[in-house]
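Please open the model in your viewer and follow the stops below in turn. Each stop says what to select and what is found there.

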Amino acid sequence: MIKLKNVSKFYYSKGVIASGFVKVNLEFSLGEFIAITGESGSGKSTLLNVIGGLDSYEEGEMYVESLETSHYMAKDWEKYRREYIGNIYQNFNLINSYTVYQNVELVLTLNGVKKKDRKAKVLELLKEVDLLKFKRTKVSKLSGGQKQRVAIARALAKDTPIILADEPTGNLDKQAALSVIKLLSKIAKNKLVIIVTHNYEQVEPYVTRKITMHDGKVLEDKKIKEYQEVTNYQKASLKSINFIDKIKLGFRNTFNIVPKFILLFLVYAFITVSLMTEYSAFRKEEYEASKNGYNYIFTNTDDKRIIINKKDRSSFSDEEIAKLKRQENVDYVLENDFLTDQYFNIVNENRSLWINGKTSSLELFKGKVDKGRLPSSSNEIIIMGDKDDYYLGKNYEELLNMTFYMADERGEANKSDTLKVVGIKYLEEDVHDDYTIYLSKEILQKLLFETHKQYSNITVDFMAKYHQVSDEVNDFKLVTNTKVPKGEVYVSDDLKYLCPKEYCLYCTLNISVKNIYFTSSKDLTITKTYNKDNIDKVLDIANYNKDNFSDYNGILYVNNDDYRELFDKGIFQMSVFADDYKNVPKLLSYLNKHNYRTISLKDTLVQDGSIQLVKILKTIITSVLVIVMFFISYFVIRIILKSRNSYFSIIRMLGGNKKVTKELLIIELFIVSNIAYFIFVIIALLQRLSILNIAFIETVNRYFLIKDYLILYLIITGMSYFISLRYAKKLFKESVMSTYREVE
Ligand code: ADP
Ligand code: MG
């Protein structure tokens, strides 16, 4: 079966050559039960390891079934070991965290035997070594003799022709040793069994041959007993471990040693938490930075705001507005949203105080005022602002007693209506914002028409000639006045040069308004003219000063209702506010599908570059963190897995190759990292359902998108994958024997 011809084994270490054994000539057959004996250091173990294909030889030739082996590569030796050799060791080399059954089964699993075939085989073997009743016992709980019998059962499982045992009884008491030797002699009936022993007397009654080694040479080779040579034997047909079994084994290894699992779990939990924290902190920064942009047209840059109009530019019907208000994810709908982008100016009588604030509607005012009261008439307003503000804060009473007028952006008062500040609301502690002025519907309406005026082209068709209405000095201006009856218009005497025979009364002029949404027009009859001397009486203008008449010249005074009818053509543009900025995309897609044109304010902001900076920083810091985490966790995991070296060497001794070992490692770390990751996902979910309340998870929930969870998952599993590869690589730098020695 095996033949050694002038075989020598040398060890090279640190430049010194030591010989394991020199020029050994031996031949072994199936059916023999051979004892190798000799003093310590004589080369017994080395010889056994060469026969077993665990160590190489440097000289001579070893034949396996008459075929040379000197050209064998690592792969060939792997195959040889798998098909020919079963090993039994002095220190058993069992997996202590596995049960008796699992230890024996492992070798079958690794060699691709199907589950149901495995079971029958393992039970048969356990019966043979008389351990059936211990099949569910963890190996660590067995006595030495029992352990060695498990090892024998395991060596027999693969059905190899050769069993090699290096001092199998070295750690056993006399009684246990005897039962092991008897068992081996029984096995030797149809195999080749070679055992190394110090205690020859003990084995003498059973062996068929005795080989004595001395100083690396064979001193004596003596036949003790006749044996029945086995000529025809069935070589085991072996396969590789299948996929399902690999996964199952990986699972078992993950949870087998609880402290190891907990340590690995903690490492991955740490990685997950630190990446989540870091990443969500940046997401938050990114979000804050994205709010810092500005927009030249729409000054209300609320990120929840979506501006809509209809694709056909028609006005919104009441049903449409009501439906939008009821729509899911809509917080509120702002009709005539132009106003929210308008700053509203008020000045007091002597112009000593001029307040410029965001425009809002009293309908949107929520809660109570901090000073004063809620408005009760249409010219009463509320101002919201900083508590530290001079007038809003300490001197609020002064403010509440003043009379204000609506003013233009230069602070010039329009004294037609007086306004009273009746309520003051303070901003929250850490919020700093412009003033917000809450106005009644009536005031807003006026403001709206002013706004419309700015967006529209207004012309006057008078005596077959078009005149522009605008703020320019030489153009007409349009102003409402309560003295003017409906359908009529009061004009300046100066217009008479346009009229036939310089007589304008009862002439008709037509005012038309045109903008992107609508056109409207109105015929009005001139029923009165005014001049420098009578304007205050005709139009009831208070505080009129003759020197300022040029300010009034060119104005067409119309009735309020006429004016309103010119502009009040419906609502053409509104703003829809989402309940959460996260729902803006959802809402946008709904609106786009339903015949609306949309602008999401968040997308229109002109950014100041800070968001780019945050993004760059995020990428850099995340990358650095991932690399640092990788090395920290690699070293920690290496220390944790150090105790697993013996496991992986045993796997390889039992026929699991490099690939299998590496894959088992990958599966194990993959499982742990997934558990850590998904526990945090579940925690985040519980928080979202308000079952938990953890501050850091709250931030994660708020700023993490599905995409971010995915990225994090890839980083963590990718990391566990690369750690497995690195560790496996290190594991294989050392040969089977040296890894095994390290374990010893
Ligand atoms: P035995 O098993 O009979 O006690 P070994 O086979 O272990 O003896 O050792 C035989 C010789 O080989 C000894 O001289 C020993 O020092 C040497 N040897 C064994 N293993 C190594 C090794 N890994 N490196 C260097 N020398 C070794
Ligand atoms: Mg030895």
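Colour domain 2 and domain 5 first: their C-alpha centres lie 79 Å apart. The model is a predicted one. To colour the rest of the chain, use domain 1 (2-238), domain 2 (245-287 + 610-743), domain 3 (294-335 + 572-604), domain 4 (339-436) and domain 5 (456-567). Domains 2 and 3 are each written as two segments, whereas domain 4 is one run, 339-436.

**Stop 1: ligand 1**

Select ligand 1 and the residues around it. There are twelve of these, and Gly 41, Gly 43, Lys 44, Ser 45 and Thr 46 come nearest. Now show the backbone atoms and look at the oxygen atoms of the ligand. A backbone N or O atom of Ser 42 is 3.2 Å from an oxygen atom of ligand 1. For Gly 43, a polar backbone atom lies 3.1 Å from an oxygen atom of the ligand. For Lys 44, a backbone N or O atom is 3.0 Å from a ligand oxygen atom. Ligand 1 taken alone exposes 560 Å², and the protein buries 66% of that.

Which elements give two or more residues to the shell around ligand 1? They are β2 (16-28) and α1 (44-51). The largest share, three residues, comes from α1. Colour the shell by residue type: one residue is nonpolar, eight are polar and three are charged.

**Stop 2: Asp 55**

Follow the chain on from α1 to the loop that leads to β4 (59-64), and select Asp 55 there. Is Asp 55 buried or exposed? Its relative accessible area is 11%, so Asp 55 counts as buried. Add Tyr 11 to the selection: its side chain makes a polar contact with the side chain of Asp 55, at 3.3 Å.

**Stop 3: the sheet with β4**

Select β2, β1, β4 and β5. These four strands form an open sheet in that order, with antiparallel pairing. The edges are β2 and β5 (67-68), each of which pairs on one side only. Strand β1 (residues 2-13) is joined to β4 by five bridges, and the two run antiparallel. To find one of the pairs, pick Lys 3 and look across to its bridge partner in β4, Tyr 63.

**Stop 4: β6 and β7**

Next select strand β6 (residues 85-88), which is covered on both faces. Ile 85 and Asn 87 are buried on one side, and Gly 86 and Ile 88 are buried on the other. Add strand β7 (residues 162-166): four bridges join it to β6, and the two strands run parallel. From Ile 88, the bridge partner in β7 is Ala 165.

**Stop 5: Thr 137**

Go to the loop between α4 (115-128) and α5 (144-157) and select Thr 137. With a relative accessibility of 22%, Thr 137 counts as partly exposed. Select Ile 666 as well: the two residues are 529 residues apart along the chain, and their C-alpha atoms are separated by 28 Å.

**Stop 6: β13 and β17**

Finish with strand β17 (residues 403-407). Four of its five residues are buried, so the strand is largely enclosed by the rest of the structure. Strand β13 (residues 343-348) is joined to β17 by four bridges, and the two run antiparallel. Pick Val 347, and the residue opposite in β17 is Tyr 405.

Terms used
Residues are numbered from 1 along each chain as its sequence is written. Chains are lettered from A and ligands numbered from 1 in the order in which they are written. This is a predicted model: local features need pLDDT of at least 70, side-chain atom pairs count only at pLDDT 80 or more; totals for chains, interfaces and linings use all residues. Side-chain values use heavy atoms; hydrogens and water are left out. A residue is near a molecule or strand if one of its heavy atoms lies within 4 Å of it. A polar contact is a pair of N or O atoms within 3.5 Å; within protein, one must be able to donate a hydrogen and the other to accept it, and residues adjacent in sequence count only if both atoms are side-chain atoms. Accessible areas come from the Shrake-Rupley method with a 1.4 Å probe; for residues, only the protein chains shown count as cover. Ala, Val, Leu, Ile, Met, Phe, Trp, Tyr, Cys and Pro count as nonpolar, Asp, Glu, Lys and Arg as charged, and the others, Gly among them, as polar. Buried means under 20% relative accessible area, exposed over 50%, partly exposed in between (1.4 Å probe, protein chains only). Domain bounds come from an automatic or database domain assignment. Two strands pair if DSSP finds at least two bridges between them.
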